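Subject: Handover of a structure and the findings

Dear colleague,

Please find below the structure that I am handing over to you. I would be grateful if you could keep it open beside this message while you read.

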Amino acid sequence: MTQQTALAQTARLSRASGAKPNQPHDAPDAESFRKAMARLAGGVAIVACLDRGAPRGLLVSSLTSLSVEPPRVLFCVGKAAASHDPLVRADRCGLSVLSDRDSEEAHRFSKADRVAERFDSANWRLRPDAPPLHAGALIGLTGVISQRIDAGTHSVFILDVETIESREAGPLIYFDRAFRALGLVSVP
Ligand SMILES: Cc1cc2nc3c(=O)[nH]c(=O)nc-3n(C[C@H](O)[C@H](O)[C@H](O)COP(=O)(O)O)c2cc1C
């Protein structure tokens, strides 16, 4: 569909629904938006980097596969997060997609008052020459941060993946404001 056809179709749909084209809609309030997004189920990962030799990281649900050639993922980090600026400074980072055995790790990396104890667990592989990775991660990715895109309150980071490891385990899912294991029920 060309852009013109799409615009004409949008205008037709707006007229049919009684809304005037090009008239801004009322923005949804923050609580309605949060409530709606809480119903979006998804896996969670810990993004971690080294900042002047010290490990820094946080929990994200914004990890998304971007392309296969080249192998790229993206994730978004709020500018208020303590790890935001370290990630802006870092050349490389690691992404540890959590398994359903690691809800405790998920809590530690998503609560601001637990920032000091985040890398205390023996599960972290900390080396001076590589981004931190969780040894029990369902998927561990490391790579080069190739782009940082300003998106208002957040930055979007694009990671060119260099190393991949994976393990047999169930994923940790965040849904309806709680961490859950996946019910392995197939639907046709
Ligand atoms: C399930 C879940 C998903 C989250 N996803 C993101 C995310 O994608 N990006 C982000 O910036 N913060 C996200 N957060 C919030 C951060 O993990 C949280 O604010 C954390 O404390 C920020 O790190 P800091 O304490 O080092 O500032 C998420 C929190 C939870 C519970």
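The paragraphs that follow set out what was found, beginning with the whole chain and ending with single residues.

**Overall picture**

Please bear in mind that this is a predicted model. The mean pLDDT of the protein chain is 89, and 86% of its residues reach 70 or more. One stretch calls for caution: over residues 10–23 the pLDDT is below 50. Beyond near neighbours in sequence, this stretch has 5 contacts in the model.

The protein chain contains 4 helices and 12 strands. Of its 188 residues, 25% are buried. Among contacts with a separation of 6 or more, 63% link residues that are 24 or more positions apart.

**The sheet**

In general, the strands of a sheet pair through backbone hydrogen bonds, and the pairing is either parallel or antiparallel. In this model, 7 strands form an open sheet with antiparallel pairing. Their order across the sheet is β3-β2-β6-β9-β10-β5-β4. The edge strands are β3 (54–60) and β4 (64–67), each of which pairs on one side only. On average, and with direction ignored, neighbouring strands of this sheet are turned by 35 degrees against each other.

At one edge, strand β2 (residues 45–51) runs antiparallel to β3, and 7 bridges join the two. One of the residue pairs here is formed by Ala45 and its bridge partner Val60 in β3.

At the other edge, β4 and β5 pair in the antiparallel sense over 3 bridges. Ser65 stands opposite Val73 in β5. The connection between β4 and β5 is a hairpin through 4 residues. Pro70 is found in the loop between these two strands, and a cis peptide bond joins Glu69 and Pro70, with omega at about 0 degrees.

**The surroundings of the ligand**

Which residues come nearest to the ligand? Of the 17 residues around it, these are Leu58, Val60, Ser62, Ala82 and Ser110. Val60 is thus a residue that you have already met, as the bridge partner of Ala45. Strands β3 and β5 (72–78) each supply at least two residues of the shell around the ligand. By residue type, the shell divides into 11 nonpolar, 5 polar and 1 charged.

**A buried residue in β2**

Leu50 is a useful residue with which to practise reading burial. It is found in strand β2. Is Leu50 buried or exposed? A residue is called buried if 20 or more other C-beta atoms lie within 10 Å of its own. Leu50 has 23 C-beta neighbours inside 10 Å, and therefore it counts as buried. Leaving aside residues up to four places away in sequence, Leu50 touches Pro55, Ala90 and Pro131. The C-alpha atoms of Leu50 and Leu126 are separated by 9.2 Å, although these residues are 76 residues apart along the chain.

**Strands β7 and β8**

Strand β7 (residues 124–127) and β8 run antiparallel and are joined by 3 bridges. Within this pair, Arg125 stands opposite Leu133 in β8. A hairpin through 2 residues joins β7 to β8. Strand β8 (residues 130–134) is largely enclosed by the rest of the structure, because 4 of its 5 residues are buried.

**Two exposed residues in a loop**

The last place to visit is the loop between β11 (172–175) and β12 (178–181), where Asp176 lies. Arg177 has its place in the loop between β11 and β12 as well. Phi of Asp176 is near 55 degrees, a positive value in a residue other than glycine. For Arg177, phi is near 65 degrees, again a positive value in a residue other than glycine.

Why do these two residues count as exposed? The cut-off for an exposed residue is 12 or fewer C-beta atoms within 10 Å of its own. Asp176 counts as exposed because it has 10 C-beta neighbours inside 10 Å. Arg177 counts as exposed because it has 9 such neighbours inside 10 Å.

Yours sincerely,

A colleague

Conventions: Residues numbered from 1 in each chain as written. Predicted model: local features only at pLDDT ≥ 70, side-chain atom pairs only at ≥ 80, totals over all residues. Pairing = 2+ DSSP bridges. Axes fitted to C-alpha atoms, helices over the stretch in contact; angles between N-to-C directions. Near = placed C-beta within 6 Å. Nonpolar A, V, L, I, M, F, W, Y, C, P; charged D, E, K, R; others polar. Contact = placed C-beta atoms within 7 Å. pLDDT = per-residue confidence, 0-100.
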